[in-house]
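Reader: Could you take me through this assembly by question and answer, with each term explained where it is used?

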Amino acid sequence: MTFSGEFLAFMSLALVAVIGGVLLLNLTKVVHMVVALVFTFVSIAGIYVLLSAEFVAAVQILIYSGAITIIMLFGIMLTRHNDTSEPQTGRWRKLLLFLGVLGFAFAVYIGIYNLDIAQTPTDLHVNNTEQIGIELYSKFIIPFEVTSVLLLVALIGSIVLAKRDDEKEAEEE
Amino acid sequence: MNFAYFLSILVFSPLLGILVLSFLPKTQESLIKMVGFLATLPALLLSLIAYFQYRAGANLEGLNEKVSWIQFGNSEQLGNLFSIDYELGLDGFSLIMIVLTAVLSTLAAIASIHIKKEWKGYFMLFLLLEVGMLGVFAAENLILFFIFFEITLIPTFFLIGKWGYFEKENAAYSFLIYNGLGSAVLLIVIMVLFARTGTANIDALMAVMNADNPQLVAQISEDMKMGMLIALLIAFGVKLPIFPLHSWMVRVHVQAPPSIVMLHAGVLLKIGAYGLIRFGMGIFPEQFQSLAVLLAVLGVVNLLYGAFLAFIQTDFKMVLAYSSISHMGIVLIGLGALNEAGIQGAIFQVVSHGLIAALLFFLVGVFYERVQTSNIQNLGGLAKGMPITAGFLLAGAMASLGLPGMSGFVSEFMAFLGLFKEMPVLAAVGAIGIIMTAVYLLRAVLGITYGKAHRDFAGITDMRKFEFVPVLVLVGLIVLIGVYPSVLSEPLTSTLETIMLGIGG
Amino acid sequence: MDLETLLSYEWSIMAPEFIILGVATALSLLDLFMPKSQSRKILGWLGFAGILAALVSLLGLVGHGTESILLDTFRLDSFAKAFKLLLLLGAAMVMLIAISYEPNDGLEEFRGEFFYLFMAGLLGAMIMSSSGDLITLFVGLELLSISSYILAGMRKRNIQSNESAMKYVINGSIATAITLFGMSYVYGLTGTTNLKAMAGFLTSVFDEQHIYLLGLAFFMIVVGLSFKLATAPFHMWAPDVYQGAPTPVTAFLSVVSKTAGFVLLVRILFSIFANTPSGDAQGLPMILSLQDYIAFLAGATMIIGNLIALRQRNIKRLFAYSSIAQAGYLLVVIATMSLFMFDTLWFYLGAYLFMNLGAFAIIQYVTHKSGSEDISEFAGLYRRAPFLAIAMAIFLLSLAGIPGTAGFIGKLNIFMGALVPQEGHYVLVSIMIATTVVSYFYYFGVMVQMFFRPAADTQKVKLPAALTAVISISIVATILFGVAPNMAFDFLQGNFNQFTDFFQ
Amino acid sequence: MMENAWIIPLFPLLSFLFLILFGKRLKEASAYIGILLTLASLVYSLLVLFERFTAPTYKAEGVWLTIGDVQLTAGFEVNQLNALMLVIVSLVSFLVHTYSKGYMNGDDRFPVFYAYLGLFTFAMLGLVISPNLLQTYFFWELVGLGSFLLIGFYFYKEEAKAAAKKAFIMTRIGDVGLLIGMILLFWQVGSFEYDEIFAAVEAGSISATMITLTAILIFIGAVGKSGQFPLHTWLPDAMEGPTPVSALIHAATMVAAGVYLVAALFPLFTASETALMTVAIIGAFTAIFAASIGLVQKDIKRVLAYSTVSQLGYMMLALGSAGYVAGVFHLMTHAFFKALLFLAAGSVIHAVHTQNIEHMGGLWKKLRITGPLFLIGTLAISGVPLFSGFFSKDEILIAAWAHGNTVLFWLAVIAAFFTAFYMFRLFFMVFAGEARSDMKNVHESPSVMTMPMVVLGVLAVVAGYVNTPWFGTFLGDWLVEGNHSLGHGHIEGPAWIMVVATVVSLLGIFLAWLMYGKRSLSRDWLTSRAPLTYKTLYNKYYIDEFYQLTIVTGTKFFSSFLRFLEVFLVEGIVKGVAGITSALGKLGSKFQNGQIQTYGTMAFVGLAILVVIYAVTGGYLK
Amino acid sequence: MSAVPVQAYLALALILFCIGLYGALTKRNTVIVLISIELMLNAVNINLVAFSKYGIAPSITGQIFALFVITVAAAEAAVGLAILIALYRNRQTVNIDEMDTMKH
């Protein structure tokens with residue numbers, strides 16, 4: 001293994017991503033947590049670039065680092081948030097969960113750490129967006145259309161649920 | 001028996017009553033009672049016709065019915081395998097059980113006059129119960145048997161839980177869970193058999209299981225057969241009941257309304273014995289032989305355990321409940337003997353106890369209605385106010401303790417005759433039970449009818465006219481069987497021969 | 001891919017989906033333009049008509065051969081047809097229940113939304129059952145899930161409804177993530193999302209490392225999907241969500257959504273893992289070597305569902321546990337993988353559909369009438385409404401698996417499947433039967449209330465027509481399939497040819 | 001005639017059925033039906049007996065029940081013993097029926113009484129014509145039922161209730177022995193038929209042990225029915241029944257059924273010396289044992305009851321000493337004189353309304369018919385020469401002596417002394433001495449009661465002459481005719497036996513006269529000299545108390561133990577299982593704590609466990 | 001040949017997945033729980049994209065799958081937040097452990 005540029009890039013991105021995740025777990029202020037996670041999201045986008053998925057990387061930046069983070073922050077702002085977010089109870093549950101996570105990670109890790117996949121050269125990086133577009137609008141047209149319904153559902157649903165309830169009363173007043 | 005679907009009509013005839021009842025207004029008490037009673041008559045009539053024609057030499061096979069019903073999987077690939085037919089049929093044994101059921105149902109319908117509320121629901125459930133009981137004995141395949149078996153469960157649950165005495169719901173639940181578990185175990189056995197042989201027909205199963213090189217879907221090892229037989233023993237042991245699976249039955253006998261106990265003790269318990277004989281002996285003859293000693297021991301334990309516990313009960317219903325346990329021990333003794341005398345004795349006991357228990361519980365209903373207690377300590381001297389009731393009660397007790405000339409003696413005698421041939425020492429121990437039966441029954445019955453009256457039963461009336469009918473019919477049948485047992489033994493001959501052939505006796 | 005190729009596909013096989021989509025869209029537009037004051041019930045009837053139309057068109061497709069569009073992203077095979085039939089039937093009945101749903105708080109102004117979100121969820125379920133591609137399956141699953149999250153929270157002024165939706169969305173998302181994590185490995189080791197291609201590729205996988213990783217993926221997918229089925233270990237959300245959600249939604253979750261979950265599980269497991277070698281000496285496929293794990297989950301589910309149900313006083317919660325237990329029975333079918341598996345699964349889900357929806361129709365009526373969901377609301381129901389009480393008794397008996405009802409035949413099927421193999425699943429069958437007996441306790445507990453207890457009020461009831469229809473259909477079906485199950489089996493055998501095209 | 005002998009039991013059965021159905025309307029008239037129908041039986045029995053003197057044994061049977069290849073039959077047989085018994089039973093029954101018309105007069109359950117009498121007579125007649133063991137057992141039990149019903153006739157009395165129950169249960173204990181014995185015999189012989197059993201015994205196809213075992217078991221049945229030690233305690237208590245019943249059942253017929261049974265199966269018993277010995281020992285012991293109790297009893301009927309027990313012991317001793325004829329002969333004579341005694345006692349009780357002999361006295365002058373008749377009976381039972389009892393008792397003593405049972409012989413002699421003593425003690429206490437002041441309204445019984453007594457009185461005198469060493473042993477010769485296995489008709493015993501017997505009984509009478517007639521000896525010498533002996537005797541050797549303490553208490557204790565088992569073990573396990581189930585449910589619902597994250601954690605930990613198990617067991621850990 | 005093996009990407013995804021899961025199941029603020037779930041989905045995406053390049057049969061499908069996942073995740077997040085807001089209106093809390101009116 002050589003310290004190629006790609007490797008260095010991966011290492012640093014991965015480090016940032018993991019640190020972002022760890023900070024999410026350990027910070028006390030809700031807003032800080034979200035901000036920490038933004039770092040993670042962005043570095044994941046970087047990793048996509050390393051994996052010749054420029055389009056996905058772009059979407060990642062737009063949606064995660066942008067849209068989702070923003071609505072989450074909105075969510076935090078809209079609701080009364082006590083800054084500290086440390087559960088008082090559930091110590092046993094946490095321990096159990098921790099052991100579970102360890103076990104799971106261990107089991108998966110021994111599955112992947114020497115996974116032997118012969119690498120084949122790809123041309124994913126060539127016209128990545130075009131490739132995606134072609135596939136999406138030919139092969140995956142049905143899920144694509146279904147996704148549109150899904151988004152519509154999510155849209156209407158969110159409106160219905162989040163709409164202020166007392167509108168009617170307000171009108172009456 | 002000359003028309004088609006004779007058996008189906010017989011089995012499902014009470015449904016007609018349910019149909020009529022559902023259109024009757026709730027408040028028409030006497031009309032409902034009348035319809036409920038009348039609805040039991042077609043089955044009675046048809047079963048008697050079948051019985052007398054069979055006695056006259058007619059062939060029962062002419063009654064068999066078979067309609068294709070369920071086919072699991074693809075019939076083109078599987079052929080006849082995994083198909084369940086709707087098939088009813090009779091042999092001597094089941095014919096007798098059907099007659100018993102029909103008779104007791106009619107009598108219990110008369111006894112239901114003591115029911116105080118919601119007659120409509122009561123009679124609908126009652127008739128449904130009768131359908132289940134008749135079906136159980138007419139079913140020619142295991143699945144159908146099981147279906148009818150479960151159909152008896154539900155109405156009984158409600159009949160106990162709604163029309164019973166103080167702790168009725170408790171008793172109903174007890175009944176449900178025990179019998180539910182029993183039928184669950186039974187279902188496993190049935191399904192294993194069905195899944196491995198591809199058929200549920202009893203005759204076909206008997207043939208397949210006893211063939212040297214059976215054609216099976218999957219192998220059945222000897223151990224597995226043994227396991228299935230033991231499971232059957234447990235399943236029917238709950239019903240019978242066999243010690244220590246009996247405690248539900250005591251509760252039911254005490255809490256259920258007398259008319260239902262008549263059917264319960266008279267017919268429902270007998271399904272256990274019927275199942276053991278038909279399926280246990282029929283399908284697993286070899287395994288049954290190796291379990292014979294266990295059965296006989298269980299029988300003796302039942303006999304003595306029931307007798308000794310009946311001896312110290314204060315409630316007459318409890319006495320009768322434990323007496324039922326004790327008497328079912330005789331069935332087991334007969335089965336454990338595994339010879340003609342024993343098996344015939346067991347079957348006789350099934351019928352005989354059916355009649356006797358029905359009689360006794362009916363009488364309990366009669367006097368309970370008048371004195372509002374069945375506690376021996378609060379009774380006494382009842383023969384003064386109700387001499388006829390007391391007389392019949394005594395007659396019932398005599399029949400129950402195996403007085404010759406009554407059906408109880410014939411069955412008890414044959415069962416012991418059988419067991420003494422195979423296991424004389426065990427039989428001798430069991431014979432203590434005969435003494436104990438006399439002891440506890442006399443203690444209880446004399447405690448109620450003889451001696452000084454515990455309180456003033458002034459103004460109580462003796463049996464009314466309609467109450468005579470069940471009593472006289474039952475006593476008549478008990479004496480008939482006791483004096484002329486061939487009424488039972490002759491129809492049984494061919495069934496017994498088949499069984500003996502199976503167990504190589 | 002040009003238009004011509006696109007048009008060369010036989011799009012008519014998607015007619016049911018298009019109808020649902022079209023009606024959902026139409027409903028949303030109508031809702032938008034209808035005056036606020038007008039009752040939205042009419043939309044419900046429209047939706048119901050749409051579902052019926054879809055049902056009719058699906059029945060028209062029953063004789064149609066196996067067909068796929070766009071590399072299996074949509075696939076119409078016997079399996080899809082058979083189960084879509086159930087989904088549509090269930091949805092139609094839930095729709096009827098929903099039309100009669102008149103809660104005290106929160107839903108009235110969103111009734112229109114309720115109907116078309118519901119249709120969207122149904123669309124998701126239908127997509128789930130007729131696709132041969134992971135991506136489509138995933139999207140269909142999410143469409144169903146997200147619609148359900150929203151539906152569960154529809155009574156937004158009701159705190160329990162909010163909470164129910166919250167629990168649902170969080171647990172659902174975690175489950176989705178776990179499933180996807182598993183799927184990602186499957187994708188990685190095959191390089192495709194097409195199930196058929198995967199299956200073809202996997203038969204030649206012999207690298208132990210790959211097999212191990214596929215095994216892990218198997219577990220992740222199973223556990224992730226167990227959320228939709230509400231089986232162990234992902235069952236615990238169900239009681240809370242069922243309790244809090246509006247009753248029609250609960251009915252929807254417990255029947256339609258669960259059916260869709262089973263469809264998806266079967267589709268994935270038997271497409272992918274039936275062809276994956278397990279790497280042991282006998283060369284068993286992976287699914288067989290891992291069936292004990294599914295059996296374990298099935299056993300745990302049955303035990304948990306039935307035992308905890310014993311303690312419930314809230315009728316909807318009780319039915320949640322009951323539906324967990326029922327899902328456990330269904331999981332037995334999958335764990336035993338007998339030759340009758342598809343038939344059994346279909347029949348039991350069908351029977352379950354009728355008995356459970358019938359029961360929920362009654363539950364909705366009884367609980368919203370009194371506003372309380374305590375089991376004692378059923379007290380004396382026989383006095384007040386004999387028809388309702390007897391109907392409820394029939395459904396309960398069927399759920400308990402008493403002969404004469406469809407539930408019994410379904411259980412019979414399950415037992416047979418479990419016992420046919422040489423090394424029969426005796427333990428599993430024993431657990432199933434024992435827990436069934438335990439279930440008598442709570443099913444009969446409801447009956448005790450209805451028949452034995454005195455009524456609190458003796459007021460006579462007037463049942464809405466829609467509910468009457470649901471209950472009547474359910475009674476007829478429950479009894480009919482219990483007495484003459486061959487009607488269903490013949491239909492199955494005659495039209496779906498044992499689902500042999502599932503693997504083609 | 002003989003071909004239709006089956007009809008004999010049917011007359012009383014008819015009486016029973018008719019009276020139980022219509023008795024309520026007939027009231028007092030029901031007596032006539034009972035009397036007439038038993039008379040029919042009597043007449044028919046006599047005809048059969050006379051025919052039997054010349055004709056051979058007649059037997060007819062039909063199939064009753066088929067068990068596989070075995071056919072159990074039912075029918076009837078008229079042999080010498082049966083024919084004789086038919087007459088005895090129907091005669092006594094007829095007389096008691098007649099007597100009861102007077103005795104039971106005024107009882108409001110009068111028809112029921114006659115119905116019961118009919119039932120009993122039917123059963124007893126059925127018993128004596130049974131050709132096989134099964135049928136014998138059948139009627140054996142029915143006889144017990146009749147006895148039970150009649151003992152408990154005064155059902156409202158607690159004592160009657162207890163006595164009836166006791167009688168039924170104690171005889172049932174014996175019956176079970178009989179049942180076991182006959183079943184064992186059945187599996188040896190393959191039949192219940194008497195003749196086939198005897199044939200098998202003779203052919204030696206049954207092992208000696210089995211013969212002994214079955215014979216003793218069957219004898220247990222006889223012990224129960226005939227009130228032999230140790231199952232004798234019910235018989236004295238049975239005196240709670242109306243006195244005619246005591247005469248019929250507990251003196252003449254049913255209690256003799258045990259003796260009849262042993263006699264009927266005599267060839268079986270003779271095949272086993274052990275069995276014979278057992279019978280003899282039990283008989284002799286019972287004879288002296290019961291007689292000794294009889295010495296001190298104060299109740300007129302109880303004295304007679306113990307006397308019955310004692311006399312039955314005599315009969316057993318006779319049979320056990322191979323004295324078939326002696327046993328049957330004594331059975332017959334005893335039937336007459338004991339029935340007479342009971343009826344006379346009934347007449348006394350009827351007159352004075354008490355049973356306590358200490359409250360009686362001087363009745364000789366008032367009861368001019370009953371008195372002499374009672375005396376005849378007393379003389380007969382005491383074995384005073386020329387009375388019937390003398391001859392039959394003599395036969396028994398000879399048989400015992402001839403069989404070599406010296407000890408038993410002397411026991412019997414002592415018992416004879418006791419008998420004479422207590423019988424005359426009874427006689428003197430009741431009839432001699434001054435009339436007590438409170439018995440002014442004592443009247444002789446009506447003729448409907450005295451006439452049967454007269455008949456019996458005559459028989460008590462003359463019945464002995466059918467079988468005497470002086471005029472010929474007709475009865476004995478006839479009884480064993482054509483059947484050598486029954487032994488010899490008459491045994492010539494040493495002449496001194498007769499002398500000893502006579503002397504002993506006279507001695508007893510003399511002593512009784514001294515103490516109770518002349519009163520030259522203090523009545524209370526036993527009470528004062530040996531209070532312990534007296535108390536023991538008076539309390540019947542505390543046998544009842546002993547049974548109460550051991551068997552009854554033991555049974556109760558065992559039952560309580562089983563109830564304990566039932567409650568704590570059987571029910572306990574069930575409750576335990578139910579408890580565990582609901583506890584598990586509770587535990588499960590505890591995890592269901594409403595926390596979303598708990599649910600997720602559980603699910604994920606479940607996944608982790610599965611995955612880890614998979615990793616570990618799959619062998620992928622390298 | 002790439003200098004970074006596929007295992008590295010997979011390991012990263014696994015770590016992030018575990019972190020996300022741990023966060024989702026331990027954090028008290030519901031918003032953070034929702035965002036932790038997003039992290040889990042991101043981990044899935046890394047897997048998909050990595051396999052799309054270095055998998056057994058590399059193809060663009062992985063990336064497309066990832067796009068679908070992103071879309072769905074966004075929708076899910078939106079709905080989750082909407083539900084949270086509805087709940088907040090009624091309960092005045094965003095603490096997930098206080099949402100336990102229904103239990104047992």
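The exchange below goes from the chains and their contacts to single residues.

Reader: What kind of model is this, and how are its parts numbered?

Author: This is a predicted model, in which local features need pLDDT of at least 70 and side-chain atom pairs count only at pLDDT 80 or more, while totals for chains, interfaces and linings use all residues. Chains are lettered from A and ligands numbered from 1 in the order in which they are written, and residues are numbered from 1 along each chain as its sequence is written.

Reader: Which chains share the most contacts among the eight pairs that touch?

Author: Two residues are in contact if their C-beta atoms, placed from the backbone, lie within 7 Å. No contact joins chain B to chain E, where the closest C-alpha atoms lie 24 Å apart, and none joins chain A to chain B, where they lie 35 Å apart. Among the eight pairs of chains that touch, the most contacts are between chains A and E.

Reader: How do the residues on the side of chain A that touches chain D divide into nonpolar, polar and charged?

Author: This contact takes 11 residues from chain D and eight residues from chain A. Ala, Val, Leu, Ile, Met, Phe, Trp, Tyr, Cys and Pro count as nonpolar, Asp, Glu, Lys and Arg as charged, and the others, Gly among them, as polar. On the side of chain A, the division is one charged, two polar and five nonpolar.

Reader: Which residue takes a positive phi in the hairpin of β1(D) and β2(D)?

Author: Strands (E, at least two residues) and helices (H or I, at least four) are DSSP runs numbered from the N terminus, and two strands pair if DSSP finds at least two bridges between them. In chain D, strand β1 (residues 58-67) and strand β2 (residues 70-78) pair in the antiparallel sense over nine bridges, with D:K59 opposite D:E77 and D:E61 opposite D:G75. Two residues lie between the strands of this hairpin, and the residue with a positive phi, near 60 degrees, is D:G68.

Reader: Why does the radius of gyration of chain B agree with a compact globule?

Author: The radius is taken over C-alpha atoms, and the globule rule is 2.2 Å times the number of residues to the power 0.38. Chain B has 21 helices and two strands, and its C-alpha atoms fill a box of roughly 75 × 60 × 45 Å along the principal axes. The radius agrees because a compact globule of 505 residues would be near 23 Å, and chain B has 22 Å.

Reader: Is B:A43 buried or exposed?

Author: A residue is buried if 20 or more other C-beta atoms, placed from the backbone, lie within 10 Å of its own, exposed if 12 or fewer, and partly exposed in between. B:A43 lies in helix α3 (residues 41-55) of chain B, and beyond four places in sequence its contacts include B:L10, B:P14 and B:E130. Because B:A43 has 28 C-beta neighbours inside 10 Å, B:A43 counts as buried.

Reader: Which helix gives the most to the largest nonpolar core?

Author: A nonpolar core is a set of buried Ala, Val, Leu, Ile, Met, Phe, Trp, Tyr and Cys residues joined through C-beta atoms within 7 Å. The largest one has 803 residues, and those with the most contacts inside it include B:M262, C:I97 and D:V262. With 22 residues, the helix that gives the most to this core is α3 (residues 61-91) of chain E.
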